[in-house]
Amino acid sequence: MFTADRTRVLSMDECVRLLREHQHGVGRVAFDDGLPVIFPVNYVLDAGRIVFRSAAGSKIDAAADGRMMAFEIDSVVVADGHVAHAWSVLVRGRSSVVTDEDEAAFLRLSRLEPSAGGLKPTYVTIEVDQVTGRRF
């Protein structure tokens, strides 16, 4: 059902379906690093968590501290210069760095490859605590 502003709240099932259909694509991870920061990352959805790879830096530092992170994917289709339809899915949860070698070996099977250049050897997870989505 669309609200008066033509926005429809997506069900949990719809949000998870969109996360699965668009995995290996690019999403954005956000967290507080003294100031809000947002980074594009390639991701997969694995056992109720978002997984991405990163090099040393603020994403790894935040995850090592177990900070809350947000992750978002979206799609916008424009036709004749106007938005024909769009959707957005937002995940919130606690982050962590994968330190267990067996778990890292399992995640390597996902063939998650970052688009950005350089080595990104560390797997970071965001537990899916809260999922919301909108279609408009």
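Select E5 (49-54) and E8 (122-127). In this predicted model, the two strands run antiparallel and six bridges join them. Within that pairing, Arg49 stands opposite Glu127 of E8.

Keep E5 selected and add E4 (44-46). E4 and E5 are also antiparallel, with three bridges between them. Here the bridge partner of Asp46 is Arg49. Now show the turn of this hairpin: two residues lie between the strands, and Ala47 has a positive phi near 50°.

Next, colour E5 by accessibility. How many of the six residues of E5 are buried? Six of the six are, so the strand is largely enclosed by the rest of the structure. Side chains in a regular strand alternate between the two faces of the sheet. For E5, Arg49, Val51 and Arg53 are on one side, while Ile50, Phe52 and Ser54 are on the other. Both faces are covered, and the residues on each are all buried.

Pick Ile50 and display what surrounds it. Which residues is Ile50 in contact with, leaving aside its neighbours within four places in sequence? They are Leu19, Tyr43, Val44, Leu45, Phe71, Val91, Val124, Thr125, Ile126 and Val128.

Widen the selection to the largest nonpolar core, which has 23 residues. Ile50 is among the members that touch the most others, together with Leu19, Met69, Phe71 and Val89. At least two residues of this core come from each of H1 (12-21), E2 (26-32), E5, H2 (58-64), E6 (68-79), E7 (82-97) and E8. There is also a second, separate core, made of seven residues, among them Val44, Val98, Leu107 and Leu112.

Go to H1 and show its side chains. Which residues of H1 are buried? They are Glu14, Cys15, Leu18 and Leu19. Turn the view to look down the helix axis: these residues fall within an arc of 135°, so they line one face of H1. An α-helix has 3.6 residues a turn, so residues three or four places apart point the same way. To see what covers the buried residues of H1, display E1 (8-9), E4, E5, E6, E7 and E9 (130-135), which are included in that cover.

Select E2 and E3 (36-42) next. They pair in the antiparallel sense over seven bridges. Arg28 has Pro40 of E3 as its bridge partner. Three residues lie between the strands of this hairpin, where Gly34 takes a positive phi near 95°.

Then show Phe39 and Lys59. Lys59 lies over the face of the Phe39 ring, at 4.2 Å from the ring centre. For ring-to-ring pairs, a search of the whole structure finds two aromatic pairs.

Two stops remain. Select Gly57, in the loop between E5 and H2. Is Gly57 buried or partly exposed? Its relative accessible area is 28%, and because buried means under 20%, Gly57 counts as partly exposed. A distance drawn from Gly57 to Thr125, C-alpha to C-alpha, spans 15 Å, with the two 68 residues apart in sequence.

Finish at Thr7, in the segment before E1. Thr7 counts as buried, at 18% relative accessibility. Draw a C-alpha to C-alpha distance from Thr7 to Leu109: the two are 38 Å apart in space and 102 residues apart in sequence.

Definitions and conventions
Residues are numbered from 1 along each chain as its sequence is written. This is a predicted model: local features need pLDDT of at least 70, side-chain atom pairs count only at pLDDT 80 or more; totals for chains, interfaces and linings use all residues. Side-chain values use heavy atoms; hydrogens and water are left out. A nonpolar core is a set of buried Ala, Val, Leu, Ile, Met, Phe, Trp, Tyr and Cys residues joined through side-chain atoms within 4.5 Å. Buried means under 20% relative accessible area, exposed over 50%, partly exposed in between (1.4 Å probe, protein chains only). Helices (H or I, at least four residues) and strands (E, at least two) are DSSP runs, numbered from the N terminus. Contact means heavy atoms within 4.5 Å. Rings of Phe, Tyr and Trp (its six-membered ring) pair if their centres lie within 6.5 Å; planes under 30 degrees apart count as stacked, over 60 as edge-to-face and the rest as tilted. A charge sits over a ring if NZ of Lys or CZ of Arg is within 6 Å of the ring centre and within 35 degrees of the ring normal. Two strands pair if DSSP finds at least two bridges between them. The arc is that of the directions from the helix axis to the C-beta atoms.
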